[in-house]
Amino acid sequence: SSGINAEWPLRPGSHSPFLFALFTGSPNANGESWCPDCVKADPIIEKAVETVAPPNSCLITVLVGDRPTWKSPSCDFRTHPDLQLKSIPTLIKLGTVQRLDASQCSDAGLVEMLFEED
């Protein structure tokens, strides 16, 4: 179990609009995520952070564990009421309802829109 703090504040209005969280598969022995969608999305997200994200923004990378941990129906990231992740990668603009799931994280246009200032 990953032991998410039940008080972790991800509710709308609780953070600066420039705080983002990327949920991704943990690295394997080669240093890459075991999740192919995560590997594909990483360079797209990194580029958007460097080129589009406001200068005072912060991206937090959260490792959801290995494949068996993530696939478990009781995985904390799936069951936590503020997260309820269905897929990885998932990119969330904290303090809002804005999120990108799975293949959306590999769409440069969608990723850039999420990082842009309102």
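Start with the whole chain in cartoon view: you should find 4 helices and 4 strands. Keep in mind that this is a predicted model. Trace the chain from the N terminus, and the elements come in the order β-α-β-α-α-β-β-α. The chain has 118 residues, and 37% of them count as buried. Now think about contacts with a separation of 6 or more: 62% of those in the chain are between residues 24 or more positions apart.

**Stop 1: Thr 90**

Select Thr 90, which sits in strand E3, residues 90-93. Is Thr 90 buried or exposed? Its relative accessibility is 0%, so Thr 90 counts as buried. Show its side chain and look for two partners. One is the backbone oxygen of Ser 87, which the side chain of Thr 90 reaches at 2.5 Å. The other is the side chain of Asp 101, joined to that of Thr 90 by a polar contact of 3.2 Å. Next, bring up the residues around it. Apart from neighbours within four places in sequence, Thr 90 is in contact with several residues, including Ala 21, Leu 22, Phe 23, Leu 100 and Cys 105.

**Stop 2: just before Thr 90**

Step back to Pro 89, in the loop between helix H3 (76-79) and E3. Look at the peptide bond from Ile 88 to Pro 89: this bond is cis, with omega near -5 degrees. Go back further to Gln 84, which is found in the loop between H3 and E3. Phi of Gln 84 is near 45 degrees, a positive value in a residue other than glycine. Why are these two spots worth a click? Because most residues other than glycine have a negative phi, and most peptide bonds are trans. Gln 84 has a relative accessible area of 41%, so Gln 84 is partly exposed. For another positive phi, select Ala 102, in the loop between E4 and H4; its phi is near 45 degrees.

**Stop 3: helix H4**

Now select residues 108-115, which make up helix H4, and colour Val 111, Leu 114 and Phe 115, which are buried. Turn the view until you look down the axis of H4: the buried residues fall within an arc of 95 degrees, so they line one face of the helix. Here is some background: an α-helix has 3.6 residues a turn, so residues three or four places apart point the same way. What do the buried residues of H4 pack against? They pack against strand E1 (19-24), helix H1 (36-51), strand E2 (58-63), E3 and strand E4 (99-101). Before you leave, check the start of H4, where a side-chain oxygen of Asp 107 comes to within 3.0 Å of the backbone nitrogen of Gly 109.

**Stop 4: the largest pocket**

Switch on the surface and look for the largest pocket, with about 200 Å³ of space. To find its centre, select Leu 22, Thr 24, Asp 42, Glu 46 and Thr 61, the closest to the centre of the 16 residues that line this pocket. E1, H1 and E2 each give two or more residues to the lining. The largest share, 5 residues, comes from H1. Colour the lining by class and you get 7 nonpolar, 6 polar and 3 charged residues.

**Stop 5: Ser 26**

Finish at Ser 26, in the loop between E1 and H1. With 15% relative accessibility, Ser 26 counts as buried, because the cut-off is under 20%. A polar atom of its side chain lies 3.1 Å from the backbone nitrogen of Gly 65. Among the other residues in contact with Ser 26 are Trp 34, Leu 63 and Asp 66.

Definitions and conventions: Residues numbered from 1 in each chain as written. Predicted model: local features only at pLDDT ≥ 70, side-chain atom pairs only at ≥ 80, totals over all residues. Heavy atoms only, no water. Buried < 20%, exposed > 50% of the residue type's maximum accessible area, 1.4 Å probe, protein only. Polar contact = N/O pair within 3.5 Å; in protein donor to acceptor, adjacent residues only side chain to side chain. Contact = heavy atoms within 4.5 Å. Arc of directions from axis to C-beta. 1 Å grid on protein atoms, 1.4 Å probe; cavity = no way out; pocket = protein on both sides within 12 Å on 5 of 7 lines; lining within 4 Å. Points joined across faces, edges and corners; volume = space filled by probe spheres on them. Nonpolar A, V, L, I, M, F, W, Y, C, P; charged D, E, K, R; others polar.
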